Amino acid sequence: MSNNTEKIKFYSGENIPLELHKVRIVQKLHLVPIERRLEALHEGGFNTFRLDTKDVFLDMLTDSGTNAMSDKQLGAMMSADDAYAGSQSFVRYQKAVEDVLGKKHLLPVHQGRAAENIISHAFIRKGNIVPMNYHFTTAMAHITQYGGKIEELLYDEAYVISSKHPFKGNMNLEKLEECIKKHGASNIPYIRIEASTNLIGGQPFSIENLRGVREIATKHKIRLVLDASLLGENAWLVKQREEEFKNSSMAEIILCMTDLADLVYFSARKLSSSRGGGICTNDYAIFKELEPLVPLFEGFLTYGGMSVREIEAIAVGLYETLDETMICQSPQFIEYLVKALESKGVPVVTPAGVLGCHVDAMRICAHIPQTQYPAGALAAAFFLISGVRGMERGSVSNQRDEYGNETYADMELLRLAIPRRVFTLSQIKYVEDRMTWLYENRELIGGLKFVYEPPVLRFFMGGLEPISDWPEKLIAKFKEDFGDSL
Ligand SMILES: Cc1ncc(COP(=O)(O)O)c(C=O)c1O
């Protein structure tokens, strides 16, 4: 029986998400003064990845490894079977993968990008093309590292920030056919489709679309690889938005999606509220081709670079993905924040997706050119005035092209991640309040420039600085409006 919070009505008529869990372990947070927040920004190169959590109030950087774990996950971790080889924890992990994802053969890896490394190492040759709905930073970095190139094949609607389209993560089927015709099937080692497409605002694909992709892949004998890191939420949105599946269970929807892919990989940090990752398939030949790479890059085949405790948490977390009361919590809180910000005029990605609320820095900081990284600037400004740490998902997160030129992102977004069952509604209201204030004072935000730019995945450790004294001006206005409030 469906048991999500939409079934619970408030007498007042209010439409707010209600938690179907209780908090039993808590962690104290600190909101440090705004002057300290500015110092922290300077110390961290105006890059929210480089902030220390002692300076962060609400950590909305990511949901990766930060979703709340359940009592059952923590309990299972205590009974893990410590063994280099043949661990029973791994047997439980295999069983969960077979039950939930419907795949018999499992290769454990220490996190999602390790799976990307192994798949790229095995399949990518120089000059190959990998068509995908949209790239994810680490997926693209591994493909290009092995000499491949990506082609992003979304429908135009996906790039429309404010939209009502239910499935902006759909792969453009006509463009996929054209891409195969242009490059030749033999030059395409696999098609990659990502559940709940991260970098365009956590937007799902429909099963109807996935079936279309499968048909084309089969016709041209190309493998279909599913990045299932955010599969649970994609499945939940399929249930909400795709007529055919409105009465299906999460288990049925998830199996329907994984059945269509030859190879499924995932970051367990996201999928199962734990750590680690995995690659799974029912194709024995593919499994045998990838298998030797696990001991080479990760560790023995029954732990893959993870502790057995993490493996137990993945196994339990995979089953919990099927629980609607768990999986709906993050998207419902995101929808709440998206609607609240929209009602104040703050431009955000719609429809609300998964992972977080995505604020449109291109519009908020329309006065900052892309050469000065508007999304990075908005992330820094928002931390400064609220202590809330979001993540830049714009041009700083892009990588330079093969000639060393900047490639500007299609969207400049500030992502405010809402991990599962971590924040309370009053904390979400605080985010709404401070973002509304910042929006009303947006002209005070200025641009950034790189002072240290790493060659690969520069957004992680890159260092930037403000191109004027805009942070001081923002602080002055904050003091004027909030007095001595933190
Ligand atoms: C869609 C997607 N794929 C792959 C990854 C990489 O996973 P990990 O961070 O575990 O290496 C992520 C991480 O955020 C992701 O969102």
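A residue is called buried here if 20 or more other C-beta atoms lie within 10 Å of its own, and that cut-off will be useful at several stops of this tour through a predicted model.

**Helix H13**

Begin by selecting residues 308-320, which form helix H13. Of its 13 residues, 11 are buried, so the helix is largely enclosed by the rest of the structure. If you colour the buried ones, you will pick out Val 308, the run from Glu 310 through Ile 311, Glu 312, Ala 313, Ile 314, Ala 315, Val 316 and Gly 317 to Leu 318, and finally Glu 320. To find what lies over these residues, add helix H2 (71-78), helix H3 (88-101), strand E1 (105-109), helix H10 (268-271) and helix H14 (324-327), which are included in the cover. With the viewer's distance tool you can also check the length of H13: at 1.5 Å a residue its 13 residues should span 18 Å, and the end C-alpha atoms are 19 Å apart, which agrees.

**Ile 286 in helix H11**

Next, move to residues 284-290, helix H11, and select Ile 286 within that helix. Is Ile 286 buried or exposed? Because 20 C-beta neighbours lie inside 10 Å, Ile 286 counts as buried. Once neighbours within four places in sequence are set aside, the contacts of Ile 286 are Asp 262, Leu 263 and Thr 281. Select His 105 as well: 181 residues separate His 105 from Ile 286 in sequence, while their C-alpha atoms are 9.6 Å apart in space.

**Around the ligand**

Now centre the view on the ligand, which is surrounded by 16 residues, the closest being Gln 111, Gly 112, Arg 113, Ser 229 and Ser 267. The elements that give two or more residues to this shell are helix H4 (112-123), helix H5 (137-145) and H10. Coloured by character, the shell divides into three nonpolar, eight polar and five charged residues.

**The two domains**

Finally, step back and colour domain 1, made of 5-63 and 326-482, apart from domain 2, which covers 71-322. Taken over C-alpha atoms, the centres of the two domains are separated by 27 Å. Where they meet, 26 residues of domain 1 are in contact with 27 residues of domain 2. On the side of domain 1 that touches domain 2, the elements giving two or more residues are H14, helix H15 (329-343) and strand E8 (356-360), and the largest share, three residues, comes from E8. The residues of that side divide into 13 nonpolar, seven polar and six charged.

Methods:
Residues are numbered from 1 along each chain as its sequence is written. This is a predicted model: local features need pLDDT of at least 70, side-chain atom pairs count only at pLDDT 80 or more; totals for chains, interfaces and linings use all residues. Helices (H or I, at least four residues) and strands (E, at least two) are DSSP runs, numbered from the N terminus. A residue is buried if 20 or more other C-beta atoms lie within 10 Å of its own, exposed if 12 or fewer, and partly exposed in between; C-beta atoms are placed from the backbone. Two residues are in contact if their C-beta atoms, placed from the backbone, lie within 7 Å. The expected span of a helix is 1.5 Å times one less than its number of residues. A residue is near a molecule or strand if its C-beta atom, placed from the backbone, lies within 6 Å of it. Ala, Val, Leu, Ile, Met, Phe, Trp, Tyr, Cys and Pro count as nonpolar, Asp, Glu, Lys and Arg as charged, and the others, Gly among them, as polar. Domain bounds come from an automatic or database domain assignment.
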